[in-house]
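User: Please take a close look at one part of this structure, the disulfide, and then set it in the context of the chain.

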Amino acid sequence: MLQQNKLVIGAAVALAVLVLAYFVVGGQDPSAPVDAASEDGQPALVTDKGALENDNPLGEIVLGNPNAPVTIVEYASLTCGHCGNFHRTTLPVLKEKYVDTGLVQFKFRPFPFDEVAMIGAMLAQCVAPKQRVAFLDILFARQNQWLSSPNPIDEFQGIAQQAGLSEADFVVCRKDEKIFNGIRNMQKQANEELGVSSTPTFFVNGQKLEGHHPVESFDEVILPLLPEDALN
C-alpha cells in the first residue's frame with residue numbers, strides 16, 4: 001500500500017511539473033475564462049488546413065464514416081461548461097441526424113486550459129481506442145459531478161476503470177510525457193495555425209464555428225456541403 005501511494009504521489013508531482021511548464025512556457029493562463037460564445041455572423045473559412053488534416057498523433061477520437069462528405073473537428077476542454085452542454089444536448093442530435101446516416105464524420109481534439117482538463121484528455125488517449133468515445137461521453141455527462149468534487153481526479157479514476165484502465169495504467173498514464181506533449185503540440189498547432197483560443201471551436205469542412213451553437217446553426221453549414229440527394 002505504501003509503495004502504491006508513492007507511485008500515485010510521484011505521478012501527481014510529475015504531472016504538476018509538466019503542467020506548470022506548459023502554462024508558463026506556452027503563455028496560457030489556466031484560470032482565464034474560455035467559455036465565451038462566438039460572435040454572430042458567417043463562419044470563417046480556414047484556408048491553411050494543415051492542423052485539421054494532420055491526424056491526432058496519439059490516435060483520433062472519432063465517430064462516423066471516414067468517407068463522409070462532411071467532417072466536423074471539435075477542439076474542446078473537458079472543464080469547459082459550453083463543451084459539456086454541447087456534448088450532452090447538441091451532439092446526440094447531430095449524431096442521429098448526420099453521423100449515424102454516414103453523412104458526417106466527427107473528430108474530437110483536446111484543447112485543455114487547466115490541469116484537470118489535461119489529465120482528462122490524457123486519460124482519454126490512454127483507454128483502448130474503442131472505449132475513447134464512450135469515456136468522453138461519460139466525462140461530459142458527469143461533468144457537473146466531478147467539477148464540484150473536492151478531488152476530480154478520483155472521479156476520473158473510477159470512470160477510467162469502467163473503461164478498462166487499471167489502477168496501475170492510470171498512474172502510468174498520468175505521468176506519460178509523450179501523451180502530455182502530444183496534446184500540448186496539438187493545442188499549440190490549433191492555436192497558431194487555426195486561431196483556436198476558446199472552447200468549443202468547431203471546423204466543418206474547414207468552416208470555423210466558435211462557441212456552443214444550436215443544431216440549426218450546424219444545419220446551415222452542413223446542408224450546403226451535402227450531395228443533393230443525401231437526405232432523401
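Analyst: The disulfide comes first, then the chain and one of its helices.

This is a predicted model, in which local features need pLDDT of at least 70, side-chain atom pairs count only at pLDDT 80 or more, and totals for chains, interfaces and linings use all residues. Residues are numbered from 1 along each chain as its sequence is written, and side-chain values use heavy atoms, with hydrogens and water left out.

A disulfide here is a pair of cysteine sulfur atoms within 2.5 Å. The count is one. Cys 126 is joined to Cys 173, with S to S at 2.0 Å. The pair links distant parts of the chain, 47 residues apart: Cys 126 sits in helix α4 (residues 115-126) and Cys 173 in helix α8 (residues 167-174). Helices are DSSP runs (H or I, at least four residues), as are strands (E, at least two), numbered from the N terminus. The S-S torsion is about 90°, so the disulfide is right-handed.

Burial is judged by relative accessible area: buried is under 20%, exposed over 50%, partly exposed in between (1.4 Å probe, protein chains only). Cys 126 is partly exposed at 23%. Cys 173 is buried at 2%. Cys 80 is buried at 0%, and Cys 83 is buried at 0%.

Now the chain. It has ten helices and six strands. Of its 232 residues, 46% count as buried.

Helix α10 (residues 215-222) is largely enclosed by the rest of the structure, because six of its eight residues are buried. Among them are Val 215, Phe 218 and Ile 222. Their cover includes β3 (70-76), α3 (81-99) and β4 (104-110), where contact means heavy atoms within 4.5 Å.
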